[in-house]
Structure formats: structure tokens, C-alpha cells
Amino acid sequence: LSIFYPTCFGIQNDQDAKIIEIIFGIPNYRYKIWLFRLLVAYMICFIITLLLAAVTDWLVVEVPPLQLALQSMVPALFIGLLCFMLSTLIRNGNGTAVMIIIIGLLLFASSKISKWNVFLNPFDVPLDKNPQIFYNTLFDNRLIILLSSFIFLLVGLYKTQNREKFI
């Protein structure tokens with residue numbers, strides 16, 4: 001949720017504040033603004049996740065907090081950049097939120113241990129399978145999610161080129 005709101009409603013909030021003309025008026029300025037906004041949002045999300053992982057390690061169960069935070073950031077990166085891409089396509093925060101909820105429910109309903117599972121838990125190694133197969137699947141899963149996230153970022157930045165659609 002800490003990444004959902006800034007990426008979903010960023011363009012709509014700029015339209016409401018009447019600063020979107022400034023952001024899209026200067027050539028190549030929009031890329032710097034959006035990349036900086038995404039970087040700050042993900043840094044805040046990582047810090048919050050790291051603090052929650054440290055509290056979990058201290059109070060609930062012994063886990064490596066840094067590894068837990070990094071593994072949690074992979075689906076957050078995927079969903080956040082998907083939100084950003086959809087917000088540049090839909091150009092409405094509420095419509096983007098509805099689409100992300102539907103996509104999230106579909107991803108959750110179809111989740112299983114596979115290379116395509118966005119919600120694959122890296123700390124839940126199945127006991128009935130070879131651990132090396134699970135770790136290979138996990139590596140492929142993370143690679144696919146990170147590459148998809150990068151593509152979402154590029155498409156989202158590309159879609160910000162047509163500023164007339166946003167104004």
C-alpha cells in the first residue's frame with residue numbers, strides 16, 4: 001500500500017494541483033521527475049519494510065530482516081511499476097486502482113509455485129520437492145518479475161511523452 005497510492009494517483013494528483021503543465025512543459029524533465037518520485041517512493045517503502053522485518057525478527061520469528069525486505073520489494077516493484085504504467089495509459093487514479101485490484105485478485109487466484117507467480121514466498125521451501133529445483137524456480141521467478149517491472153517502467157515513461165493527453 002505504501003507504493004500503491006503514489007504510483008496510482010500520481011498523475012491525477014498533478015492534474016488536480018495544476019502542476020502537470022509545468023512537469024510536461026520542459027523537454028525530458030518529466031522523466032527526471034517521475035524517476036525521482038519512483039525512487040523516493042521505493043526508498044520509503046524499503047525503509048518501512050525493513051523496519052517491519054526487524055520487528056518481525058525481534059517479536060515473532062527469527063528471519064533475516066534485510067533479506068526479507070529485499071524479497072518483499074520484488075513484488076512491490078512489480079505492482080508499483082504496473083500501477084505507474086496503467087496510470088499513464090488510463091490517466092485516472094480511480095480507474096487505475098480498480099484495474100490493479102482486479103489484476104491483483106487474478107494474480108492471487110492463479111498463484112502456485114511456478115515461474116510466473118508474483119506472490120511466490122522464497123522462505124517457504126516445499127518439503128516434498130527438491131530444494132534446488134525450488135531455488136532455480138525462485139531465481140527464474142525473480143528474473144521474470146524484474147524484467148517485467150523494467151518493461152512496465154519503460155512503457156510508463158514512454159506514455160508520458162504525449163503531454164496533451166494528460167493536460
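A residue is termed buried when its relative accessible area is under 20% and exposed when that area is over 50%. By this criterion both Trp-34 and Phe-84 are buried. The model under discussion is predicted.

## Overall organisation

The protein chain contains 6 helices and 0 strands, and its pattern along the sequence reads α-α-α-α-α-α. Of its 167 residues, 38% count as buried. Taking contacts between residues at least 6 apart in sequence, 62% join residues at least 24 apart.

## The nonpolar core

In soluble globular proteins, nonpolar side chains tend to be buried together. In this model the largest nonpolar core comprises 27 residues, and the members that touch the most others are Cys-8, Phe-78, Leu-82 and Ile-100. At least two residues of this core come from each of helix 1 (4-17), helix 3 (29-59), helix 4 (65-90), helix 5 (93-109) and helix 6 (131-159). Helix 4 makes the greatest contribution to this core, namely 10 residues.

With neighbours within four places in sequence set aside, Phe-78 is in contact with Leu-107, Val-118, Ile-145, Ser-148, Ser-149 and Phe-152.

## Aromatic pairs

A pair of aromatic rings is described by the distance of the centres and the angle of the planes. The whole structure holds 4 aromatic pairs, two of them tabulated here.

| Aromatic pair | Centre to centre | Angle between planes | Class |
|---|---|---|---|
| Trp-34 and Phe-84 | 5.3 Å | 45 degrees | tilted |
| Phe-78 and Phe-152 | 5.3 Å | 55 degrees | tilted |

The pair of Phe-78 and Phe-152 ties together parts 74 residues apart in sequence, because Phe-78 lies in helix 4 and Phe-152 in helix 6. Both of these phenylalanines are buried.

The pair of Trp-34 and Phe-84 likewise links distant parts of the chain: Trp-34 belongs to helix 3 and Phe-84 to helix 4, 50 residues apart. The relative accessible area of Trp-34 is 2%, so this residue falls under the 20% limit and is buried. A further spatial relation concerns Trp-34 and Thr-7, which are separated by 27 residues in sequence and by 9.5 Å in space, C-alpha to C-alpha.

## A buried threonine in helix 4

Helix 4 also contains Thr-88. With a relative accessible area of 2%, Thr-88 is under the 20% limit and therefore counts as buried. Its side chain reaches the backbone oxygen of Met-85 at 2.6 Å.

## Geometry and faces of helix 5

How far apart should the ends of helix 5 be at 1.5 Å a residue? The 17 residues of helix 5 should span 24 Å, because the expected span is 1.5 Å times one less than the number of residues. The end C-alpha atoms of helix 5 are 24 Å apart, which agrees with this expectation.

The buried residues of helix 5 are Gly-93, Thr-96, Ala-97, Ile-100 and Gly-104. Viewed down the axis of helix 5, these buried residues fall within an arc of 100 degrees, so they line one face of the helix. An α-helix has 3.6 residues a turn, so residues three or four places apart point the same way. On the other side of helix 5, the exposed residues are Leu-105, Leu-106 and Ala-109. Ile-100, one of the buried residues of helix 5, is also among the core members that touch the most others.

Methods:
Residues numbered from 1 in each chain as written. Predicted model: local features only at pLDDT ≥ 70, side-chain atom pairs only at ≥ 80, totals over all residues. Heavy atoms only, no water. Core = buried A, V, L, I, M, F, W, Y, C linked by side-chain atoms within 4.5 Å. Buried < 20%, exposed > 50% of the residue type's maximum accessible area, 1.4 Å probe, protein only. Helix = DSSP H or I, 4+ residues; strand = E, 2+ residues; numbered from the N terminus. Contact = heavy atoms within 4.5 Å. Arc of directions from axis to C-beta. Polar contact = N/O pair within 3.5 Å; in protein donor to acceptor, adjacent residues only side chain to side chain. Phe/Tyr/Trp six-rings, centres within 6.5 Å; stacked < 30°, edge-to-face > 60°.
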